[in-house]
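This briefing covers the nonpolar cores and strand pairing of one protein chain. The points are grouped by topic and can be followed alongside the structure.

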Amino acid sequence: MMGRRTRSSLLLTFTLIVSFSSLTCPSFSASTDAFVFGGCTQQKYVHDSPFESNLNSLLTSLVNSATYSSYNKYTIMGSSPQDVVYGLYQCRGDLSMPDCATCVARAVSQLSVLCAQTCGGALQLQGCYVKYDNTTFLGVEDKTVVLKKCGPSVGYKTDAMNLRDAVLGGMARTGGAYRVGGSGDVQGVAQCVGDLSAGECQDCLSEAIMRLRSDCGTADYGDMFLAKCYARYTTGGPRAYTKSHSGKHGFKA
């Protein structure tokens, strides 16, 4: 039913969708269901196949679980190895459970359209992340850059850049899978996917923060999404990290 495919196909499609979306979507948004990036594998499954049934079961499990947990992972076994499907979801660390459940449900709904009849797909919204595949990725550290986005340069303002570096450095040293930091007008947030160990999470976030500082230079804001973690910052202004209309914290466009 399905041939083998290389992992690069998913990354290639990620790049295409992110490149298009970055032209129309702001880097930060107060809405938890605002699109950040998405991607699909090129490999297709057969309609009404055992794999499709298992995938539907997986996606239903993700939506149901999000009503009581901010992260979960599943493996749905099949009668043959080619019918196995793996998946997970994760909500941003500051979301309430109702907001988490709403975000995951919307992500699954959008993913079903974006990646219709494909064997793998991933979608990052502002408030949550959902991924599934027919090849296991659970518990595997992956520091591939999926999305990098830097704002316009504000020039090297010593005070602002020192604050930015201090905030990012603080987040790099802080433990936990979800980290926030702020000083003055500079705000930052970082998070790992929940299937990483504490050591893998630290390694991934250190890489994301290092790349963010080096690649975004003197930009007034920056996003660095790796496959299993992300780090973001803003120096204030119209994209300040503030409370959204729903009372939750988010980057306001």
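β4 and β5 pair in an antiparallel arrangement, with four bridges between them. The model is predicted. The points below start from β5, move to the largest nonpolar core, and end with an open sheet of five strands.

**β5 and its partners**

- The connection from β4 to β5 is a hairpin of two residues.
- Within the pairing of these strands, Ala122 has Lys131 of β5 as its bridge partner.
- β5 also pairs with β3, again antiparallel, and here the bridges number six.
- Lys131 in β5 is the residue that Leu88 stands opposite.
- Six of the six residues of β5 are buried, so this strand is largely enclosed by the rest of the structure.
- Burial applies to both faces of β5: one side carries Cys128, Val130 and Tyr132, and the other carries Tyr129, Lys131 and Asp133.

**The largest nonpolar core**

- The largest nonpolar core has 28 residues, and the members touching the most others are Leu55, Val104, Val130 and Tyr132.
- At least two residues of this core come from each of β1 (35-40), α2 (50-65), β3 (85-91), α3 (97-114), β4 (121-125) and β5 (128-133).
- α3 provides the largest share of this core, with seven residues.
- Beyond its neighbours within four places in sequence, Val104 is in contact with Leu62, Val63, Ala66, Tyr89, Cys91, Cys128 and Val130.
- Another core, of 19 residues, lies apart from the largest one; its members include Leu168, Cys192, Ala208 and Ile209.

**The five-stranded open sheet**

- The strand order in this open sheet is β6-β9-β10-β8-β7, with antiparallel pairing.
- β6 (145-150) and β7 (178-183) are the edge strands, each pairing on one side only.
- From one strand to the next, the twist averages 5°.
- β6 is joined by five bridges to β9 (residues 221-226), and the two run antiparallel.
- Leu147 stands opposite Phe225, a residue of β9.

Note on methods:
Residues are numbered from 1 along each chain as its sequence is written. This is a predicted model: local features need pLDDT of at least 70, side-chain atom pairs count only at pLDDT 80 or more; totals for chains, interfaces and linings use all residues. Side-chain values use heavy atoms; hydrogens and water are left out. A nonpolar core is a set of buried Ala, Val, Leu, Ile, Met, Phe, Trp, Tyr and Cys residues joined through side-chain atoms within 4.5 Å. Buried means under 20% relative accessible area, exposed over 50%, partly exposed in between (1.4 Å probe, protein chains only). Contact means heavy atoms within 4.5 Å. Two strands pair if DSSP finds at least two bridges between them. Axes are lines fitted to C-alpha atoms, for helices over the stretch in contact, and angles run from 0 to 180 degrees between N-to-C directions.
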